[in-house]
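Trainee: Could you walk me through this one before I start poking at it on my own?

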Amino acid sequence: MNILLIGSGGREHALAWAISASPLCDKLFIAPGNPGTAECGENVVLDIADHRAVADFCKVMGVGLVVVGPEGPLVDGIVDDLEAAGIKTFGPSKAAAQLEGSKAFTKELCAEFGIPTAGFARFTDEAAARTYVARTGAPLVIKADGLAAGKGVVMAETIERANDALAMMFSGGLGAAGAEVVIEEWMIGEEASFFALCDGTHALPLASAQDHKRAFDGDTGPNTGGMGAYSPAPVMTTAMAEQVMAEIVRPTLAGMNQRGTPFKGVLFAGLMITADGPKLIEYNTRFGDPECEVLMPRLKSDIVPALLAARDGVLNAVDLRWSDDVALTVVMAAKGYPGTPEKGSVIKDIDKAAAEKDVLVFHAGTQAKDGDIVANGGRVLNVVALGRSVSEAQAKAYAAVDLIDWPGGFCRRDIGWQAVKREREG
């Protein structure tokens, strides 16, 4: 069949790499794609905000499945519109995508169905929010309710920082995303990312990962969309994964069904593993980025039948096989990120890094210009390596990073540090 993949980031390059390897994929289109996805299929110019235009393209080109990568189109209802046009689409409906599109929606769902999460309060008024902060005290987590490209969460260690975050959000610093704010208790534990394919009724666990949100080494600096990740996350033991399925994922599916908004697609649970067990930080309703870049290289099964089964409601007949290897990715970002990234700098020797054994390089914010690859975004490249341990994968990844000639970029040098520490301590 012909498949259309929507998106242009590192996640989409990883998905394009996996989808294009499927015997079921005759022709892969990517809209808009990037120079990396062009090696897996055909990049096409489509206004993905124009759902009718996307549907028309699919009909003309005989597209049998659309896979939606980023969250924006999902929250905008592209799945509903394409399905209404008779086009099979992988991803949640607009109503179900509220699990990512609205922090408040998810927190209320957790409260209603007993899903463990941080304590919270919702505010649409800055004065009331400030009063709550003063009464509660720091540390707190301040979250914009809506989509903010990974930048809508402020870890406020002090009351002053909490109030600064509130001022920024309520003054329009994050646009409409900050019109409502959720204030959460500060949870203590180790973070992990857990993924499950869902078909509305059944959930099939995928694999775990651990992301690194802070911009700089030692988990310092501002939050970003993610500076690196590795899979699997050692904290997610088999027993812990089953506890997450039993206490968080399955109750979420049941609750969404009970509300009349069944969830189909990828449920990405951001977790805090606390002394009291796993608690939900937040949901995303698509593959993570950069987590997808470490999941796809470990997936030994064909991804396309699994995506179709999730859409068709028959996931209970699917089983997926995973490599025992560890995958680790280092994000190379443009200087200035997560603020205003410096665009246009030339990146050399990507091919040299990608030629290394057990190494893949997924493009994100890149552009082909005058025969060169140049930076065209914040997070620009994902250098992925496979190894028998986190330590080995980490060493291979950074050796490959060091082969890339890009003075205009930077990366963290400690991706995977928690797992490496575990390995060394034995």
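Mentor: Sure, here come some questions and answers on helix packing, cores and two buried residues.

Mentor: This is a predicted model, where local features need pLDDT of at least 70, side-chain atom pairs count only at pLDDT 80 or more, and totals for chains, interfaces and linings use all residues. Residues are numbered from 1 along each chain as its sequence is written, and side-chain values use heavy atoms, with hydrogens and water left out.

Trainee: At what angle do the axes of helix H7 and helix H8 cross?

Mentor: Helices here are DSSP runs of H or I with at least four residues, and strands are E runs of at least two, numbered from the N terminus. The axes are lines fitted to C-alpha atoms over the stretch in contact, with angles from 0 to 180 degrees between N-to-C directions. H7 (residues 126-136) and H8 (residues 159-170) have axes that come within 10 Å, and they cross at roughly 165°.

Trainee: How many nonpolar residues are in the contact of H7 with H8?

Mentor: Contact means heavy atoms within 4.5 Å. H7 brings Glu-126, Ala-129, Arg-130 and Val-133, while the H8 side includes Ile-159, Leu-166 and Phe-170. Ala, Val, Leu, Ile, Met, Phe, Trp, Tyr, Cys and Pro count as nonpolar, Asp, Glu, Lys and Arg as charged, and the others, Gly among them, as polar. The split is 1 polar, 2 charged and, for the nonpolar ones, 7.

Trainee: Which helix gives the largest share of the largest nonpolar core?

Mentor: A nonpolar core is a set of buried Ala, Val, Leu, Ile, Met, Phe, Trp, Tyr and Cys residues joined through side-chain atoms within 4.5 Å. This core has 43 residues, and Met-296 and Ile-303 are among those touching the most other members. The largest share, 7 residues, comes from helix H11.

Trainee: Is Gln-394 buried or exposed?

Mentor: Gln-394 sits in helix H13 (residues 390-401), and its contacts beyond four places in sequence include Leu-328, Trp-417 and Val-420. Buried means under 20% relative accessible area, exposed over 50% and partly exposed in between, with a 1.4 Å probe and protein chains only. Gln-394 has a relative accessible area of 14%, so it is buried.

Trainee: What is the relative accessibility of Ala-97?

Mentor: Ala-97 is in the loop between strand E5 (89-90) and helix H5 (98-101). Leaving out residues up to four places away in sequence, Ala-97 touches Leu-74, Val-75, Pro-92 and Thr-285. Ala-97 counts as buried, and its relative accessibility is 0%.
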